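Pull up the coordinates and keep the sequence to hand. We'll wander through the fold one piece at a time, beginning with a loop.

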Amino acid sequence: MATTATQVVLDTPAAEFRLPATDGKTYALDDVAGEKGTVVVFICNHCPYVKAVIDRMVSEARVLMSESIGFAAICSNDAVSYPEDSFENMKRFAKAHDFPFPYLHDETQTVARAYGAVCTPDFFGYNADRKLKYRGRLDEGRTTPPRAGAPRELVEAMRAIANTGLARADQKASIGCSIKWKDE
């Protein structure tokens, strides 16, 4: 069942983390943060919404990273109940889609809770001071590609944040599968 990201308070500071990644390293927020801003996105391997946007997301991440905006993806799903989201399968998913950014495993789900993540994909865009300025979607595409010429919402928001410190106020919430919590 589809879940819509809830609005969180803009200017909330990014939560610190230290998580293992599919590349064998461990990353903290400091390691993934960019000079001009940072995107933290919660995804998983099995969600049809993630599968529909993953290649566009990777492409947009490359653009943002080339513009000094950090990018990291985090999987917080309960891998016992959803084995497709296991750490081993995360490694395969990252390799299959040629992730240029760290794909982090939040096994305890404490990072997802600290961020207030509710769905996959769930995008959080921070300015250079790591204050939340964007809580929206990648683009208008859900399980199908966006229409030709549709705004590149995440890229445009992060560019505005990098240049002015602010994103547009009319941010459209992401929609996707709910995060699969261990206690639910």
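Asp98 sits in the loop that links α3 to β6. This is a predicted model, and in it the phi of Asp98 comes out near 55°, a positive value in a residue that is not glycine. Going along the chain, you meet this residue just after α3.

So take a look at α3 itself. Which of its residues are buried? They are Met90, Phe93 and Ala94. These three cover an arc of only 95° around the axis, and that puts them on the same side of α3. There's a general bit of helix geometry to keep in mind here: an α-helix has 3.6 residues a turn, so residues three or four places apart point the same way. Turn α3 around, to the face away from its buried side, and you find the exposed residues Arg92, Lys95 and Ala96. As for what the buried residues pack against, the partners are α2, β5 and β6 (103-105).

That takes us to the largest nonpolar core, which has 33 residues. Within this core, the residues that touch the most other members are Ile43, Met57, Phe71, Phe99, Tyr103 and Leu154. Two or more residues come from each of β4 (37-42), α2 (48-66), β5 (69-75), α3 (87-96) and α5 (153-164). Which of these elements gives the most? It's α2, with eight residues. Zoom in on Met57 for a moment: leaving out residues up to four places away in sequence, Met57 touches Val41, Ile43, Phe71, Phe101, Phe123 and Leu138. Apart from this core lies another one, of 22 residues, and its members include Val40, Ala72, Ala117 and Tyr126. As a general backdrop, nonpolar side chains in soluble globular proteins tend to be buried together.

Now for a helix pair. How do α2 and α5 pack? Their axes are 10 Å apart, at an angle of about 15°. Angles under 35 degrees count as roughly parallel, and α2 and α5 are therefore roughly parallel to each other. The crossing in which α2 passes α5 is right-handed. On the α2 side the contact is made by Glu60, Val63 and Leu64, and on the α5 side by Leu154, Val155, Met158 and Arg159. Leu154 should ring a bell, as one of the core residues with the most contacts to other members.

Back to backbone oddities. The peptide bond from Thr120 to Pro121 is cis, and its omega is near 0°. Pro121 belongs to the loop between β7 (119-120) and β8 (122-126). Keep Thr120 in view, then jump to Ile179, in the segment after β10 (175-178). Is Ile179 buried or exposed? With a relative accessible area of 3%, Ile179 is buried. Among the residues that Ile179 touches, setting aside those up to four places away in sequence, are Ala117, Val118, Cys119 and Thr120. Phe42, Ser76, Asn77 and Ala112 are on that contact list too. Ile179 and Ala117 are 62 residues apart in sequence, yet 7.6 Å apart in space, C-alpha to C-alpha. Ala117, remember, is a member of the core of 22 residues.

Another positive phi turns up at Arg130, near 60°, again in a residue other than glycine. Arg130 lies in the loop between β8 and β9 (132-134). Its relative accessible area is 23%, so Arg130 is partly exposed. What does Arg130 touch, not counting residues up to four places away in sequence? The contacts are Thr12, Pro13, Ala14, Glu16, Leu29, Asp30 and Ala33. Pro102 is 28 residues from Arg130 along the chain, and the C-alpha atoms of the two are separated by 18 Å.

One last stop: Tyr82, in the loop between β5 and α3. Tyr82 is partly exposed, with a relative accessible area of 32%. Not counting residues up to four places away in sequence, Tyr82 touches His46 and Lys180. Asn45 is 37 residues from Tyr82 along the chain, with 9.6 Å between their C-alpha atoms. Follow the chain on from the loop that holds Tyr82 and you come to α3, and just after that helix to Asp98, where the tour began.

Methods. Residues numbered from 1 in each chain as written. Predicted model: local features only at pLDDT ≥ 70, side-chain atom pairs only at ≥ 80, totals over all residues. Heavy atoms only, no water. Core = buried A, V, L, I, M, F, W, Y, C linked by side-chain atoms within 4.5 Å. Buried < 20%, exposed > 50% of the residue type's maximum accessible area, 1.4 Å probe, protein only. Helix = DSSP H or I, 4+ residues; strand = E, 2+ residues; numbered from the N terminus. Contact = heavy atoms within 4.5 Å. Arc of directions from axis to C-beta. Axes fitted to C-alpha atoms, helices over the stretch in contact; angles between N-to-C directions. Parallel < 35°, antiparallel > 145°, perpendicular 65-115°, else oblique. Left-handed = near helix turned anticlockwise from the far one by under 90°.
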